[in-house]
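Good morning, colleagues. Please bring up the sequence and the model, and I shall take you through a sheet and two helices.

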Amino acid sequence: MLDHLENTVVGSDRQRTLAADYYINDNKLKEEKERIFFRSWLYACHASELADAGSFVTTKIFDQSIFLVKDRDGQIRAFYNVCPHRGHQLVEGLGKKSRITCPYHAWAFALDGKRIGSRRSKTLTGPSNDEICLSEIRVDRLVDFIFVNLDPQAQPLSTFAPGLEEQMLSVEPDLPAMKPEEAVQLDIDYPCEANWKVLVDNYLECHHCVNAHDQFNDMMDLSQSSFALHKNYTFQVAPTENKAENKAFPLERDHDITTGHFWWLFPNTLIGQFPGAKGFYLSTVTPTTPDSTMRKSVTLKPPVPTDPEMEQRHKQRAEWFPTVSAEDKALCENVQRGMHQRGYQQGWYVTDPEAHDISEHAMRYFHDLYLAAMKDI
Ligand code: FES
Ligand SMILES: [Fe+2]
């Protein structure tokens with residue numbers, strides 16, 4: 001049995017939510033980039049995408065282009081995707097290379113970022129190989145989920161969010177063997193016309209679930225759900241009613257997951273194991289403007305099906321999932337319009353230590369961490 005109280009923290013007792021300005025002001029998003037996103041652990045890729053020495057993938061943190069590569073010693077490294085010579089981009093997309101060669105003037109770099117093979121002559125000026133290397137970025141991982149952090153001083157994930165990886169492995173011991181699905185079968189990447197914090201707020205309370213998610217509510221036993229607060233993350237345990245037939249999708253009680261487990265890692269990573277056919281997911285909610293967000297997900301499946309019908313049940317859940325996503329998206333977009341109303345300045349938290357099905361204490365904890373990071377407390 002998992003000790004849900006290990007590493008728990010107690011949130012504040014503030015009563016009022018973040019003011020509307022935090023959700024609509026372009027200057028707040030600029031501050032969030034500097035104070036939060038450029039200093040936080042952000043999901044970059046799954047380790048299986050970097051299977052061999054020289055495998056690389058590119059990604060972006062807002063306008064910052066970066067790439068991750070597996071070096072010859074098997075270490076995953078991340079670099080800014082920019083050449084130190086004159087600033088050209090080094091690599092595009094994904095692939096495999098034995099060295100990184102800049103397309104502009106062909107400066108070449110080993111997979112560990114050191115410069116190699118420059119043209120030399122007696123009269124050529126310029127730096128020696130020893131003086132030049134790629135600009136490296138911090139990398140860490142939760143099981144096989146690879147994260148990057150643009151802050152060179154950032155604490156490792158095991159210090160920033162102690163116990164999180166252990167909880168994930170305790171809930172799903174097979175997680176290291178699970179692999180991302182080949183194609184995106186689930187319609188779970190979507191833009192939402194709402195501030196990224198509206199999406200996180202919505203994820204961190206199930207107060208709305210009875211009203212808004214009729215089918216999900218019929219599957220779950222939300223009165224028994226709980227949200228625990230930990231250092232820089234939260235952990236929600238949400239049992240189903242264990243009904244084979246329900247309005248969402250059928251559960252096969254001998255093989256399926258019958259209790260949902262959901263984590264949120266500050267600031268924008270959502271991790272979980274949904275009820276139903278065995279699997280695991282990680283999602284990110286990334287702001288594109290103060291009023292819009294992109295939610296992207298990677299879903300993992302077990303290497304061997306739990307039973308012959310697992311695929312079929314997996315498909316049934318995948319077909320159902322857009323229903324609940326659409327319900328949450330509509331709620332968030334509605335709230336975002338509310339943030340612009342002159343009649344709304346700031347909301348209220350509803351909290352109840354004994355009724356986590358309605359309590360918004362996990363959402364308040366997100367705001368506690370957010371305000372501390374923004375230095376507005
Ligand atoms: S900018 Fe890369 S080699 Fe010149
Ligand atoms: Fe919801």
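Let me begin with a pair of strands. Strand β2 is joined by 4 bridges to strand β11, residues 145–149, and the two run antiparallel. Within β11, Phe-147 is the residue that stands opposite Tyr-43. I should say at once that this is a predicted model.

The pair belongs to an open sheet of 7 strands, with antiparallel pairing, in the order β2-β11-β10-β5-β4-β3-β6. Its edges are β2, at 42–46, and β6, at 94–96, each of which pairs on one side only. On average, and with direction ignored, neighbouring strands of this sheet are turned by 30° against each other.

I turn now to helix α2, residues 26–35. Which of its residues are buried? They are Lys-28, Leu-29 and Glu-32. Viewed down the axis of α2, these buried residues fall within an arc of 100°, and therefore line one face of the helix. In general, an α-helix has 3.6 residues a turn, so residues three or four places apart point the same way. The cover over the buried residues of α2 includes α1, at 21–24, and β18, at 280–289. On the face turned away from the buried side, α2 carries the exposed residues Asp-26, Asn-27, Lys-30 and Glu-34.

Finally, consider Ala-330, which lies in helix α8, residues 310–339. Why does Ala-330 count as partly exposed? It has 13 other C-beta atoms within 10 Å, whereas a residue is exposed at 12 or fewer and buried at 20 or more. Between the C-alpha atoms of Ala-330 and Ile-132 the separation is 50 Å, and the two residues are 198 residues apart along the chain.

How values were computed
Residues are numbered from 1 along each chain as its sequence is written. Chains are lettered from A and ligands numbered from 1 in the order in which they are written. This is a predicted model: local features need pLDDT of at least 70, side-chain atom pairs count only at pLDDT 80 or more; totals for chains, interfaces and linings use all residues. Two strands pair if DSSP finds at least two bridges between them. Axes are lines fitted to C-alpha atoms, for helices over the stretch in contact, and angles run from 0 to 180 degrees between N-to-C directions. The arc is that of the directions from the helix axis to the C-beta atoms. Two residues are in contact if their C-beta atoms, placed from the backbone, lie within 7 Å.
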